[in-house]
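This report introduces a protein structure to a reader who meets it here for the first time. The sequence and the coordinates are shown first, and the description follows.

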Amino acid sequence: MRLTDTDHHSLSASPDFTALAGPSTDHANGHSNGFTTKSATNGTTNGVHPKNGKAIARVSLPGTNLYDNTPVDREEYVRLVIQSLRDVGYIESAATLEAESGYVMEEPEVADFRQFILDGSWAKAEASLMRLGVSEDDGLWDARFLISQQKYLELLEAKKTTLALHVLRHELAPLLMCSESEDLRQRAGWDGAAGTSRRQLLNNIQRYIPSSLMIPQRRISTLLNQAQAHQRQHCLYHNSPSDSSSFSLYTDHHCNKSAFPRITTTILEVHSDEVWNMEWSHDGLQLATASKDKTAIIWRLSYDVEQRTQWKPHLTLKDHPYPVGCLAWSKDDSILLTSAENLVKLWNTKTGICTRTLELHKETVTALAWLPDGSGFISGGLDRNIIHWDVDGNLRDKWGETGIRITDLAITPDFSRLVSVGMQHLPVGVVNEGISGREVQSGDAAALGAAAARASENRMVIYDLTTKQVESSIRLEGELTSVKVSQDSRYALINHAPDEIHLWDLDAGRLSRKYTGQRQGRHVIRSCFGGCDGNFVVSGSEDGNVYVWHRDTGVLLETLSGHGEGSVNSVAWNPANYRMFASCSDDHTIRIWEAPPELMIDESPTLQPLTFVENGNSTSNGKGKTRQRWDADGVEI
């Protein structure tokens, strides 16, 4: 709402009024909750006197809403602006707004309480709780408990054992005693009196004090972050970091579809048979592929001076007696795991030497996953075994037989859960008649459906990774061929035949969304999350296409063609370059998908003829940089 001319004339502040720059926080105590000193928060509504000595007249506006067409309360908005001005250092501007509006950010009692906490004046802080409107029903006891807990921890850290024991016995009987300061910090997640613990205490107590009295810390920043998250969620093609210049307060956020990776820029073709699986290294500069031709290839990505991608096969890992089904990179990318039937192999990714072969599984190994801290890895197979190995391939723990024949598993990045999918265990006679491990790996698994039908059910089983106990076991209809977990450890993405992909909320234990459109019935298809926020779902399909959905809405965004006959078996999004992903197919190729160059946005690129090299002799001369063919020794044509 505009001010009237009369209101404008009533303002007596000089236009050259200079605010004092600097933080609005008391750095001596490390506090940053919009509080300065009592001199800066006197709460006066009678005007302030800036440096030129002129008073700021109070402005009276009709109504209580910020605008006529919005339900936003003016007082709430102005108080948040005052807090924000103080947070960024505009102290006198905040005081001027207080005087002009007649609103104060907070009452003196709130400022006193905050200072009592930061100064460690625990008795005064407890006495202030009642004055701030905290009652027994609103959690007065809980708030006092939090204050007493901080007091106890600080006394223990200061080696004042007698006083600490007194607090423990009379105020904190439920809190466990810790004799050493370091042990204390580890158990309580507490960083000491000199750290951020007092500020964290204020944040914890905040929920017991009415927010109209004590405004949550940096509230406008929280609201802006929520608005930004809402815009990201509703931007179907969002694929830019939240801290990038693509976000502005002046306009709504919108990502251009032309920046989405939907063009094949490179075709990698060395494998002589179907390519079943693939995985990027953590630095995004190497791509490992697994094939029915009994090899795994490590492809290396580099960039020329114009930042165009260049590919070459770095290593071909040939020492597999059977087709290669699974791949997994170690945390530092120095080791690549591969599986072939019941064997697991460890490879040095610099030399290509197989350092160890593990043969503990009795049937096909269908899943390999490194622990998030890189200390070891877990393998799972159709023999119903989950086995924990250390980084060198030594046996750490064998979980014992599970209730399902595992077809895939994944470990949540937060180290809390292991999510597995598979078929109900069949009696030995039925297993022998039903399905071979090699069929499961290859994706040419017509017998999978018949075996699963005889099993009567398929399950997702979620384990507590620490205790190895089952958290939940959920029966699902249809064959389950792969599982991926989101980076926030909340969601599991499960390929579900026929023709569906399911998104499960692991925290809530419920199905969040289904994605349809792709084809899956007879083959093993693996999907993945994609994009900078994991907001895309990408999957191959038996119709030879790649499908991309928006994760939160389920909208099908892209159907990407280009692969030849057969299924697209697996997809993998580059973890370091959010505008690149790869797909592999029964047509023996790997396709690299990127956002189209500016010159190609309005026209489809034409890939040049392939060049084939056998035994070092070229049979044709290919041209162009968008499609590359390599021989087994890594020689580019």
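The sections below treat helices, a nonpolar core, strands, aromatic pairs and one buried serine in turn. The structure is a predicted model.

## Helices α2 and α3

Helix α2 (74-88) has 15 residues. From its first C-alpha to its last it reaches 21 Å, close to the 21 Å expected at 1.5 Å a residue. At the start of this helix, a side-chain oxygen of D73 comes to within 3.0 Å of the backbone nitrogen of E75. Beyond the other end stands G89, whose phi is positive, near 110 degrees.

The buried residues of α2 are R74, V78, R79, L80, I82, Q83, R86 and D87. They pack against α3 and α10.

Helix α3 comprises residues 91-101. Its buried residues include I91, A94 and A99, and also E92, T96, E98 and S101. Helix α2 is part of what covers the buried residues of α3. After α3 comes G102, which has a positive phi near 85 degrees.

## The largest nonpolar core

In soluble globular proteins, nonpolar side chains tend to be buried together. The largest nonpolar core of this model has 20 residues. Those with the most contacts inside the core are F113, I117, L129, I147, I205 and I209.

Four helices, α4 (108-119), α5 (122-131), α6 (140-157) and α9 (197-206), each supply at least two residues of this core. Helix α4 gives the most, with 5 residues.

One member, I209, may be taken as an example. When residues up to four places away in sequence are not counted, I209 touches F113, L132, V134 and M214.

## Strand β12 and its neighbours

Strand β12 consists of residues 385-390, and 6 of its 6 residues are buried. In a regular strand the side chains alternate between the two faces of the sheet. In β12 both faces are covered: one side carries N385, I387 and W389, the other I386, H388 and D390, and all are buried.

Strand β12 pairs with β11 (residues 376-381) through 5 bridges, and these two strands run antiparallel. In this pairing G380 stands opposite I386 of β12. The hairpin of β11 and β12 has 3 residues between the strands, and R384 takes a positive phi near 70 degrees there.

Strand β12 is also joined to β13, by 4 bridges, again in an antiparallel arrangement. Here H388 stands opposite D397 in β13. The hairpin that β12 and β13 form has 4 residues between them, and G393 in the turn has a positive phi of about 90 degrees.

## Aromatic pairs

The structure holds 13 aromatic pairs. A pair of aromatic rings is described by the distance of the centres and the angle of the planes. Two of the pairs are set out below.

| Pair | Distance of centres | Angle of planes | Arrangement |
|---|---|---|---|
| Y237 and F260 | 5.4 Å | 80 degrees | edge-to-face |
| W399 and Y463 | 5.4 Å | 75 degrees | edge-to-face |

The planes of Y237 and F260 stand at 80 degrees, so this pair is edge-to-face, as angles over 60 degrees are counted in that class. Both residues lie in the loop between α10 (219-234) and β1 (263-268), 23 residues apart along the chain. Both Y237 and F260 are buried.

The pair of W399 and Y463 links two strands: W399 lies in β13 (residues 395-401) and Y463 in β16 (residues 458-464), 64 residues apart. Both of these residues are buried.

The ring of Y237 also takes part in a wider group. Ring pairs link Y237 and F260 with F536, W573, F581 and W593 into a cluster.

## Serine S486

Where does S486 lie? Its place is in the loop between β18 (480-485) and β19 (491-496).

Is S486 buried or exposed? The relative accessible area of S486 is 4%, so S486 is buried, the limit for this class being under 20%.

Leaving aside residues up to four places away in sequence, S486 touches P413, Y491, F529 and R551. The C-alpha atoms of S486 and N535 are separated by 9.5 Å, while the two residues are 49 residues apart along the chain.

Conventions
Residues are numbered from 1 along each chain as its sequence is written. Side-chain values use heavy atoms; hydrogens and water are left out. Rings of Phe, Tyr and Trp (its six-membered ring) pair if their centres lie within 6.5 Å; planes under 30 degrees apart count as stacked, over 60 as edge-to-face and the rest as tilted. Buried means under 20% relative accessible area, exposed over 50%, partly exposed in between (1.4 Å probe, protein chains only). Contact means heavy atoms within 4.5 Å. Two strands pair if DSSP finds at least two bridges between them. A nonpolar core is a set of buried Ala, Val, Leu, Ile, Met, Phe, Trp, Tyr and Cys residues joined through side-chain atoms within 4.5 Å. The expected span of a helix is 1.5 Å times one less than its number of residues. A polar contact is a pair of N or O atoms within 3.5 Å; within protein, one must be able to donate a hydrogen and the other to accept it, and residues adjacent in sequence count only if both atoms are side-chain atoms.
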